[in-house]
Amino acid sequence: MLCLRAAVVIRPGSLTLHQLHSQKALSRSYALFTCNHKPQHSPDGPACPPPGLHSVFPRTVNVRLASNSCGGGASWYGSIADSAPVHMTEQLLISSQQITGLPWWASIMCTTLALRTIITLPLGAYQMLIIAKVEALQTEVAELARRLRYEVSVRAKERGWTERHCRYQFKKNMRRIVSELYIRDNCHPFKASLLVWVQLPLWVCLSLALRNLSLAVDQSGTALQSELSVGGALWFSDLTLPDPTWIIPVSLGVINLLIIEMFALQRVEVSRFQKYITNFMRGISVLMVPIAATVPSSMALYWLSSSVVGLGHNLLLRSPAVQRVCGLPALRSSSATPYRDIAAAFRDKYFS
């Protein structure tokens, strides 16, 4: 489950009015991507492969490759599933299982734990650092906004500005003020979303890699599919089939909802937009339950493992001892007893 953290976003502006006309114009260039690929057709019928292709690949493989490259509604999905990053992830999963010698169900869980600890845990700590810096700017921004509002009112009386023009000047200058503060403290709020932009592609690549291995989309994966079919445990002994008991999908939904509620309870002031985002994420969590019940158990097991590790990392980063060791500043929602406060918040909201 993707872990989203709400940050206070300040709109940039400027401190003084005489800087209004000194702003340099920024230019952006956009590159257009065009695809000049045109399928080659034989004079007598559909597209023909290059000479000698039939002697190397069976006919079934040629049909699959043609369907993936020439389209249909699901061509984009096939292109992603057959991309180089997904194939590299497949090799990573295979190598991890061969090196450790663990059964596939344990190898999937251990690989998930290792990747999320090495990649996403440091990014989670960096996200907390950025949010703490942004929160620390709130007092300074409020004071600068008060001074700017007074300066705009004085200039409005001198030049006879309308109320609408005063608001425009205030917002324009305020944007530059906060932009300069972001540069000074190196804490633009967009940097807090770096975790999502790394975690999402990682989640997609691992999910599609497990899907390819479980379904044996090419002939080389037949042996691996046989290993996965007996590489499960307990009630999910066959990792190539969906979980018939729905235990993994339901557990996935519960863990995801627990993560969302944990973040929702720690917010002191909740905006309308944050409420929409929270409800949207709740809906996604519920929707993932039937989806996880229709995919191979290997994928559902990875999703559950990733959510459990994410929940553990979020709780770990709330520890005051861990924050001191990592040099993380305290957030506005930080507490000396975070776990006790979380339990009390859940009890008051759902069981009182």
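Hi everyone, let me start with one residue, Asn186. At 44% relative accessibility, Asn186 counts as partly exposed, because that value falls between the 20% limit for buried and the 50% limit for exposed. You'll find Asn186 in the loop between helix H7, residues 163-185, and H8. Its phi is near 55°, a positive value in a residue other than glycine. As background, most residues other than glycine have a negative phi. Please keep in mind throughout that this is a predicted model.

There is a second residue of this kind. Leu234 also has a phi near 55°, positive without being a glycine. Leu234 sits in the loop between H9 and H10, and at 74% relative accessibility it counts as exposed.

While we're in the loop between H7 and H8, have a look at Phe190, which lies there too. Is Phe190 buried or exposed? With a relative accessible area of 53%, Phe190 is exposed. From Phe190 to Ile130 is 60 residues in sequence, yet 9.1 Å in space, C-alpha to C-alpha.

Now let's step back to the whole chain. How many helices and strands are there? The protein chain has 14 helices and zero strands, so reading from the N terminus you meet α elements from start to end. The chain has 352 residues, and 38% of them count as buried. Taking contacts with a separation of 6 or more, 77% are between residues 24 or more positions apart. The accessible surface comes to about 21200 Å², with 64% of it belonging to carbon and sulfur atoms.

On to the interior. The largest nonpolar core has 37 residues, and the members that touch the most others are Leu93, Trp104, Leu213 and Trp303. Which elements give two or more residues to this core? They are H4 (84-100), H5 (104-136), H8 (194-215), H9 (222-229), H10 (247-266), H11 (272-292), H12 (297-317) and H14 (338-350). Apart from that core lies another one, of 27 residues, including Ile130, Cys166, Ala192 and Leu317. So Ile130, the partner in our Phe190 distance, is a member of this other core.

Let me show you one helix pair, H10 and H14. Their axes are 10 Å apart, and the two helices pack at an angle of about 95°. That makes H10 roughly perpendicular to H14, since angles from 65 to 115 degrees count that way. If you want to click on the residues, the H10 side brings Leu258, Glu261, Met262 and Leu265. They meet Ile342, Ala345, Phe346, Lys349 and Tyr350 from H14.

I'll finish with two serines. Ser285 is in helix H11, and at 0% relative accessibility it counts as buried. What does its side chain reach? The side chain of Ser285 reaches the backbone oxygen of Met281, at 2.9 Å.

The other serine, Ser297, lies in helix H12. At 1% relative accessibility, Ser297 counts as buried as well. Leaving out residues up to four places away in sequence, Ser297 touches Phe236, Asp238, Leu239, Leu241, Pro242 and Asp243.

So, to recap the loops and the serines: Asn186 is partly exposed, Leu234 is exposed, and Phe190 is exposed, whereas Ser285 is buried and Ser297 is buried. Thanks for listening, and I'm happy to rotate the model for anyone.

Note on methods: Residues numbered from 1 in each chain as written. Predicted model: local features only at pLDDT ≥ 70, side-chain atom pairs only at ≥ 80, totals over all residues. Heavy atoms only, no water. Core = buried A, V, L, I, M, F, W, Y, C linked by side-chain atoms within 4.5 Å. Buried < 20%, exposed > 50% of the residue type's maximum accessible area, 1.4 Å probe, protein only. Helix = DSSP H or I, 4+ residues; strand = E, 2+ residues; numbered from the N terminus. Polar contact = N/O pair within 3.5 Å; in protein donor to acceptor, adjacent residues only side chain to side chain. Contact = heavy atoms within 4.5 Å. Areas by Shrake-Rupley, 256 points an atom, 1.4 Å probe, with all protein chains shown as cover. Axes fitted to C-alpha atoms, helices over the stretch in contact; angles between N-to-C directions. Parallel < 35°, antiparallel > 145°, perpendicular 65-115°, else oblique.
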